[in-house]
Amino acid sequence: MFTALTANAQVSNINENFNNFTAGNTTFPQFGWSAIVAPITGEFPPVPPRMIVAGDSNRFVQSYAGNNATGSSYLISPQIETPTGNKTLTFDTTLVSPSPGPGSIQIGVASNPADMSTFVPVGSPINVSVIGTVQNISVNIPASTGSYIVFKFTPTATHVAIQVDNVVYNTTASLGVNDNNKVTENFRFALNSDQTALEFKSKKDLKNISIYSAAGQKATEGKPNGQNFDISTLQTGVYYMNIETAEGKTIQTKFIKK
């Protein structure tokens with residue numbers, strides 16, 4: 001269901017936590033992702049805007065305004081299959097300390113990754129205003145001729161930094177909203193104390209579990225042993241999980257193995 005990302009190839013889905021990216025201030029393009037940053041201003045000392053890959057084992061992308069208090073920078077996804085309106089973009093975002101003011105993210109699509117005059121906004125701008133508070137954002141991507149998803153970062157002051165992580169673009173769950181709520185109300189899971197198994201609490205029997213790595217590769221699949229599922233062979237990291245119930249419904253979720 002998830003497709004690994006390769007540069008210069010159309011992808012149907014995106015599942016990216018940036019952990020395999022090379023950290024640094026001028027590291028794009030990488031893995032099909034690219035960036036266009038706001039222009040440097042004439043202020044002294046010159047501090048150029050940057051699109052940065054930051055973090056150690058848990059990496060993320062940060063848009064840093066430098067001395068440009070109003071200019072927008074863009075993070076551009078790998079080329080996707082032409083959107084038909086049945087997929088949703090989700091991601092995490094937060095304001096990075098010591099940002100002196102808020103900023104915003106406008107999601108959009110573009111037909112040319114090197115020309116942001118082709119950028120078409122999707123939905124309303126997302127205000128990112130609280131340092132350290134992670135917002136979990138979900139945006140429906142409508143049918144479009146644009147084949148790149150774009151994050152447009154706009155600061156309100158110099159030195160504002162906004163980060164994004166855990167970007168997923170995938171098919172909207174086939175369950176209706178009400179049906180999905182009924183399923184998830186009766187479904188809970190957690191990792192056991194030594195991180196070797198998932199422990200489920202479900203009123204319905206679970207038929208099959210498929211787990212995918214952050215790179216989109218299937219890591220393991222099988223039937224649970226009662227209310228437990230062995231993950232002892234998995235490495236540390238973020239994983240995405242499709243759970244098929246005995247009723248034939250599918251629950252989509254994720255977990256972090258530490």
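**Strand β18, an aromatic cluster and a single cavity**

Methionine 241 is placed in strand β18 of what is a predicted model. With a relative accessibility of 1%, methionine 241 counts as buried, because the cut-off for burial is a relative accessible area under 20%. Although methionine 241 and serine 210 are separated by 31 residues in sequence, their C-alpha atoms lie 5.7 Å apart in space.

Strand β18, which spans residues 237-245, also holds glutamate 244, and this residue is linked to lysine 207 in strand β15 (residues 206-213), 37 residues apart. The link is a salt bridge between the two side chains, with an N to O distance of 3.8 Å, and a search of the whole structure finds 1 such salt bridge. In general, side chains of opposite charge can pair when their charged atoms come close. Glutamate 244 has a relative accessible area of 28% and is therefore partly exposed, while lysine 207, at 46%, likewise counts as partly exposed.

Aromatic contacts were examined next, and the count comes to 8 aromatic pairs. One of them joins phenylalanine 18 and tryptophan 33 in an edge-to-face arrangement, with 5.3 Å from centre to centre and 70° between the planes. Both residues of this pair belong to the loop between β1 (14-16) and β2 (34-36), where they stand 15 residues apart, and both phenylalanine 18 and tryptophan 33 are buried. Together with Phe21, Phe28 and Phe31, the residues Phe18 and Trp33 make up one aromatic cluster.

Phe28 of this cluster also takes part in a backbone feature, since the peptide bond from phenylalanine 28 to proline 29 is cis, with omega near 5°. Proline 29 is located in the loop between β1 and β2. A cis peptide bond is also found from phenylalanine 44 to proline 45, where omega is near 0°, and proline 45 lies in the loop between β2 and β3 (50-54). As a general background to such features, most peptide bonds are trans, and most residues other than glycine have a negative phi.

Positive phi values are found at asparagine 166, where phi is near 50°, and at glutamine 195, where phi is near 60°. Asparagine 166 lies in strand β12 and, with a relative accessible area of 12%, is buried. Glutamine 195, by contrast, is in the loop between β13 (187-191) and β14 (197-202), and at 18% relative accessibility this residue counts as buried, because that value falls under the 20% limit. The side chain of glutamine 195 reaches the backbone nitrogen of lysine 258 at a distance of 2.8 Å.

Finally, the interior was searched for enclosed space, and 1 cavity of 30 Å³ or more was found in the whole structure. The volume of this cavity is about 70 Å³. Its lining is formed by 14 residues, of which Ser63, Tyr64, Ala65, Phe153 and Pro155 lie nearest the centre. At least two lining residues come from each of β4 (60-64), β11 (148-155) and β12 (161-171), and β11 gives the most, with 3 residues. Sorted by class, the lining of the cavity comprises 9 nonpolar and 5 polar residues and no charged ones.

Conventions
Residues are numbered from 1 along each chain as its sequence is written. This is a predicted model: local features need pLDDT of at least 70, side-chain atom pairs count only at pLDDT 80 or more; totals for chains, interfaces and linings use all residues. Side-chain values use heavy atoms; hydrogens and water are left out. On a 1 Å grid over the protein atoms alone, a cavity is a set of points where a 1.4 Å probe fits but cannot get out, and a pocket is an open set with protein on both sides within 12 Å along at least five of seven lines; lining residues have an atom within 4 Å of a point. Grid points are joined across faces, edges and corners, and a volume is the space filled by probe spheres set on the points. Helices (H or I, at least four residues) and strands (E, at least two) are DSSP runs, numbered from the N terminus. Ala, Val, Leu, Ile, Met, Phe, Trp, Tyr, Cys and Pro count as nonpolar, Asp, Glu, Lys and Arg as charged, and the others, Gly among them, as polar. Rings of Phe, Tyr and Trp (its six-membered ring) pair if their centres lie within 6.5 Å; planes under 30 degrees apart count as stacked, over 60 as edge-to-face and the rest as tilted. Buried means under 20% relative accessible area, exposed over 50%, partly exposed in between (1.4 Å probe, protein chains only). A salt bridge is a side-chain nitrogen of Lys or Arg within 4 Å of a carboxyl oxygen of Asp or Glu. A polar contact is a pair of N or O atoms within 3.5 Å; within protein, one must be able to donate a hydrogen and the other to accept it, and residues adjacent in sequence count only if both atoms are side-chain atoms.
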